[in-house]
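Open the model in a viewer and keep the sequence panel beside it. The stops below each begin with a selection and then say what is found there.

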Amino acid sequence: MIYKEFRGTLTKINEDLKARFLAGDSVIDLVHARSNKIDELLVSLWSANVKIPEAALIAVGGYGRGELHPSSDIDIMILLPQNVSDSRKECLSGFITCLWDIGLEIGHSVRNLAECEQEARNDLTIATTLMESRLLAGPQNLFGEMQQLIDSENMWPSPVFFEEKQKEQIRRHHSYHDTAYNLEPNIKSSPGGLRDIQLIGWVAKRHFGASTLIDLVNYDFLTPGQLQRLQDGEKFLWQIRFALHTITGRREDRLLFNHQTHLAKMLGYEDATYTLAVEQLMQRYYRTVMELSRLNEMLLQQFEEAILMDPNAPAENLNERFQVKNGFLQTIDEKTFQQEPSALLELFLLLQDNPELRGVSAYTVGSIKRHLHLIDDEFRQNPRNQRLFLSILSASEGVSHELRRMNLYGVLGLYIPSFGRIVGRMQYDLFHAYTVDEHTLFVVSNLRRFALKRFNDEFPHCSEIMQSLEKPELVYLGGLFHDIAKGRGGDHSELGAVDAEAFCLEHGIGKPEARLVAWLVQHHLILSSTAQKKDLGDPDVINEFAEIIGDQTRLDYLYVLTIADIRATNPKLWNSWKAQLFRDLYELTKRAFIRGLENPLDGTQLIIEKKEKARAYIATAAVDESCVEVVWKLFDDNYFLRYRSSEVAWHTEWLVGSDIKNSTGLVDARQRRTGDGIEAVILTNQRNRTFAHVTATLDELGMTIMDARIVPLANNKSIDTYIFMESDERVDIDKNRINTIKHSLMQILTLGDQETLTVTRAITRQARMFNTPTRVNFDSTILGGQTVLELVAADRPGLLSRIGTVFMEQGINITSAKIMTIGERAEDVFYISDLSGAPLTEITQNELAEAIIKKLVE
């Protein structure tokens, strides 16, 4: 009966604390209040169950600090004197069972003093939890002996403790890709999270014996302002963590998509004109952890200087303003920035010119923060500062590294105010994996890797182009400004182009160069959208694109910027299929420029050249020329325009060795020769239900489809090709997997026209959080008797199959599909006609759009 009362007490504690949190009580008070209430429960149960008066009940870890969130683990240690008999220990298991029975999440250990010493010596994590211990019940003298053992200078001496904790943080940060800007960050363990604050406290306790961060102010390791920022950051993260535990009812430290919107509402954020409530919450989160990361770096460096370095080491002057001490750059005088504000930029140039430097001294990092107010309009208009910034941007080494450091220290967002507005700005979708500022700096970093010869093996073609650019700093500026206007409303490309041109002209960059940078920003999406959404086999598409680009110089700059941009948007986005599409568009446009825009590409000439190249491929397979001609009689000009020479050769060799007259059809599949992904080819009678069946089959097999082409042939046949990848992004595909795919595709050729296939794969957790309205648009430009249908809809398993089913029901022929998935959103383009091959009338378009929308809401 007594345990039932304890369960009721625990429930009331949790309900009261939740009510207080929702009413706006201080989270600091609530975290400590829960710890105090749990203290009372444990002490009562200890007294009722444990009959070993010489044993001690000790809170350790976060509970030892007196910090408990609603679902935090409650870590305790039972400390025993030597030689307690097993019979007397039996009551301890009853005590622990009782804690579990009343609903407490208990982590526990039972040790004597010798075991505490041994395990703490062997495991730094155990030593750290015991450092944060607090006596709940039992003899003070036993607890004191344990503390003396743990605090002993022979137990993890301060230098060793610091070095190991620093390594521990580096490993932890690596596991989060060294960025705090992940879409679903971990508020405890990600860079800038609560663990980074705790690490500062652990080192301070070990080195100084400091019990709180406030003590670091007394040791002159923290200024009152820095302490306040640490405390404010911790309080904000505590609010999020408390709310997460409240929402989920469990220990949850990940800011998952399905919690972010609920959290924003719970914490009082509201949608604004151009920013959602959730985006406001996350921007504050990212800015908070950015500041905490800076403080963490500064304080750990300050500890390193105090613990591991010689404080009396001589300093070597670099110039009148800066010197090097213990390998770190620092100002010579505390008034350096006040007397010479330009030094706030000069510092980063010196780091580039002296790559052997380990970084910036902790004191100087703090001084930068204290003098950021000097970066105002007068500072930005100073010609010396403008020259310094352009020198940083055009340096031979360290460009992206120092831009990141400038952002971390708060300098970049003040020097370019429009950049400051995107710092920490998230886009609430699954496409953009990073905040806008982090993405932007990744773009510049990718461009820099193209520019450095030591990375030539990564993207040889991009490196070749990048290293041939006359002024690579212009594409860096394009990268810096390409997304700078996001969140303002309107077209961010147009608005960003205005900002970019103004910035360039203010910095003395010539008008032609400034216009090039502005043009890059304005058109930074066009190469990607053309390559992924349009038919590159159509000479008119290439000619139109070449007209927009204008010349080879613009094409070169835009090409490297586009690839750097896509690779920096989401690590999972880039693949060899996109690489080939972009390379094809680049080469075809380059060729158009060589011919001259007044002499556009001709389809007939392209076909002749493709046939010649295909014959060269086929010759290596020793295929008889007469057999080639038999197969090619099936193919019309449209086929040769829409397939690469290597694909024509593959299809030809396959069909030469097959029974073309087979009434059921033929299937082949292979791993793509150019990299990841699989391509399948189907020869079958012309039937408009094949697309629905193939896409359903591939979807059910766990494939992500990227491209589909359906080309009518002679004798009422069609050749259908599909390019797809494993949804889990596996690159290595074995023969068994290929055979499974071929067998599954062959089976669908025997299905009747009225038979349908169902995709049973479930939608992902993340995708369920988004509601993308379905939009169906028809392009007014009719290409070769076709209608272009553009679909925007929520991506989900079976989407393409459903669309294919509608096409079948409405009597629509599909000749091509360009599949583009943007996070949770599908943006697909279909080239279609009616059964007679004519473009769709307006009435048919309206009926088709209505049928698609209805089908997708089923």
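**Stop 1: helix H19**

Select residues 399-408, which form helix H19; 7 of its 10 residues are buried, so the helix is largely enclosed by the rest of the structure. Keep in mind throughout that this is a predicted model. To see which positions are covered, colour Val 399, Ser 400, Glu 402, Leu 403, Arg 405, Met 406 and Asn 407, the buried residues of H19. Then step just past the end of the helix to Gly 410, where phi is positive, at about 90 degrees.

**Stop 2: the second largest pocket**

Stay with H19, which is one of the elements that supply at least two residues each to the lining of the second largest pocket. Add the others to the selection: helix H8 (158-174), helix H13 (277-307), strand S8 (359-360) and helix H22 (436-451). Which of these elements gives the most to the lining of the pocket? It is H13, with 7 residues.

To centre the view, pick His 173, Asp 178, Ser 293, Glu 297 and Leu 408, which lie nearest the centre of the pocket among its 31 lining residues. The volume of this pocket is about 1200 Å³. Coloured by class, the lining shows 11 nonpolar, 12 polar and 8 charged residues.

**Stop 3: His 439 in H22**

From the pocket lining, move to H22 and select His 439, which is found in this helix. Is its side chain buried or exposed? His 439 has a relative accessible area of 4%, under the 20% limit, and is therefore buried. Now show what surrounds this residue. Apart from neighbours within four places in sequence, His 439 is in contact with Tyr 434, His 482, Asp 483, Asp 565, Ala 568 and Thr 569.

**Stop 4: the sheet that contains S8**

Return to S8, and bring in the strands that go with it. The sheet is open, with 4 strands in the order S5-S6-S7-S8 and mixed pairing. Strand S5 (316-317) and S8 are at the edges with a single partner strand each, so each has one side without a neighbour in the sheet.

Zoom in on strand S6 (residues 322-325) and strand S7 (residues 328-331), which run antiparallel and are joined by 4 bridges. Val 324 has Leu 329 of S7 as its bridge partner. Next show helix H16 (residues 362-370), which packs on the sheet and touches S7 and S8, its direction making about 50 degrees with that of S7. Also add helix H15 (residues 343-353), which lies across S6, S7 and S8 and runs at about 45 degrees to S6.

**Stop 5: strand S1 and its partners**

Select strand S1 (residues 56-59). In a regular strand the side chains alternate between the two faces of the sheet. Here both faces are covered: Ala 56 and Ile 58 are buried on one side, and Leu 57 and Ala 59 are buried on the other.

Two pairings can be followed from S1. Strand S2 (residues 74-80) runs antiparallel to S1 and is joined to it by 4 bridges; Ala 59 stands opposite Ile 76 of S2. Strand S4 (residues 134-137) also pairs with S1 in the antiparallel sense, over 3 bridges, and Ala 137 of S4 is the bridge partner of Leu 57.

**Stop 6: the cavity**

How many cavities of 30 Å³ or more does the structure hold? There is 1. The largest cavity has about 40 Å³ of space. To find it, select its lining: Tyr 643, Glu 647, Trp 650, His 651, Glu 679, Ala 680, Arg 709, Thr 721 and Ile 723. Two or more of the lining residues come from each of helix H34 (645-656), strand S10 (678-685) and strand S12 (717-726). H34 gives the most, with 3 residues. By class, the lining of this cavity has 4 nonpolar, 2 polar and 3 charged residues.

**Stop 7: Phe 724 in S12**

Finish on S12, with Phe 724, which lies in that strand. Phe 724 is buried, its relative accessible area being 0%. Draw a distance from Phe 724 to Gly 677: the two are 47 residues apart in sequence, and their C-alpha atoms are 5.7 Å apart. Leaving aside neighbours within four places in sequence, the contacts of Phe 724 are Gly 677, Ile 678, Ala 680, Leu 698, Met 703, Thr 704, Ile 705, Met 706 and Ile 741. Ala 680 is also among the residues that line the largest cavity.

Conventions
Residues numbered from 1 in each chain as written. Predicted model: local features only at pLDDT ≥ 70, side-chain atom pairs only at ≥ 80, totals over all residues. Heavy atoms only, no water. Buried < 20%, exposed > 50% of the residue type's maximum accessible area, 1.4 Å probe, protein only. 1 Å grid on protein atoms, 1.4 Å probe; cavity = no way out; pocket = protein on both sides within 12 Å on 5 of 7 lines; lining within 4 Å. Points joined across faces, edges and corners; volume = space filled by probe spheres on them. Nonpolar A, V, L, I, M, F, W, Y, C, P; charged D, E, K, R; others polar. Pairing = 2+ DSSP bridges. Contact = heavy atoms within 4.5 Å. Axes fitted to C-alpha atoms, helices over the stretch in contact; angles between N-to-C directions.
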